[in-house]
Each structure stands twice: as structure tokens, then as C-alpha cells.
Amino acid sequence: MTNSNAVPLFEKKRSRNFISRLIEDGVKEERNETRHSTNINGQLYFLRPGVLEQQQTPCILSDLSTGGAFIKSKNHNLAMQQVYLMLKDVPHKFLAVTIAYSQNGYHLRFPKRLSAKVVEMIANGQASQLANG
């Protein structure tokens, strides 16, 4: 007896996790929030295919908003990857996805939006206060 409701494996759709949803959406100008220009040094942490330990590369946060950021980096092999962004003097790491590369940098999208207050504090150099409140 066969199950007539069964769907063959090749017809099943892959589940869409947050990374695949962000990558498939591409880079679109859909910002309603303010972009803050910055010049903050940081590090990007990522996994390289075939390498078991985490890699890192220096970067500069060029601008920041509640939904994403633009970073400058000399590493040109990070497109469409999950990364962690660590900024100098900021006591938090930010999960992001590199969704595109342009003009010597990467467009990042955060899976969970940052609050406008946090973005303003980072942009204004008040990030050390984030640990206190």
C-alpha cells in the first residue's frame, strides 16, 4: 500500500532559513531608517569552506542602520556568507549576512534589526555605554 499524499523527495521545497531568505532577497534600497556614517575599526569572523576553525579579517564600518551596514574590507571572498561583526570598543558581536560586494566593501544585513538607540550610540562613539544599560 502506498501513500498517495506522499511527495517525492525531489519535489520537496527546501526550508528557507534566515540566511537563504536574506540572500535571495538581494540588495534593494528599501531603507526607511537613517544611515549613519561611521569610521569604526573592527573584525569580521567567518567560516571558510574546508577550514574547521573560524577565520577573521579586519574591516572598517563605513555606515550603519538598524537593518544593515556597509563595511570596507580587503578580503574579497566573503559574499553570501554568515559573519560576526565585532567593532572596536563595542561590547557586543553582531550576526549578519554579507549579501553583496561593491566598491571594496560588503553590504551586510542583520537578521534581527538593531534598535535605533543602539545604532545612534555606536555612530556617536558612545558604544561603551551599551554595556551599562
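**Legends to close-up views of strand β1 and residue T66**

**View 1. Pairing of Q43 in the predicted model.** In this predicted structure, Q43 has M86 of β4 as its bridge partner. The strands β1 and β4 (residues 82–87) run antiparallel and are joined by four bridges. The side chain of Q43 belongs to the face of β1 whose residues are not buried.

**View 2. The two faces of strand β1.** Side chains alternate along β1, which spans residues 36–47. H36, T38, I40, G42, L44 and F46 point to one face and are buried. S37, N39, N41, Q43, Y45 and L47 point to the other face and are not buried. In a regular strand, such alternation places side chains on the two faces of the sheet in turn.

**View 3. Pairing of β1 with β2.** An antiparallel arrangement also relates β1 to β2 (residues 54–64), with ten bridges between them. Within this pairing, Q55 of β2 lies opposite F46, a residue on the buried face of β1.

**View 4. Surroundings of T66.** T66 lies in the loop that links β2 to β3 (68–72). Its relative accessible area is 10%, so T66 is classed as buried, the cut-off being under 20%. The side chain of T66 forms a polar contact of 3.2 Å with the side chain of R113.

**View 5. The whole chain, for orientation.** The protein chain contains two helices and six strands, arranged along the sequence as α-β-β-β-β-β-β-α. Of its 133 residues, 37% are buried. The accessible surface is about 9,100 Å², and carbon and sulfur atoms contribute 49% of it.

Conventions. Residues numbered from 1 in each chain as written. Predicted model: local features only at pLDDT ≥ 70, side-chain atom pairs only at ≥ 80, totals over all residues. Heavy atoms only, no water. Buried < 20%, exposed > 50% of the residue type's maximum accessible area, 1.4 Å probe, protein only. Pairing = 2+ DSSP bridges. Polar contact = N/O pair within 3.5 Å; in protein donor to acceptor, adjacent residues only side chain to side chain. Areas by Shrake-Rupley, 256 points an atom, 1.4 Å probe, with all protein chains shown as cover.
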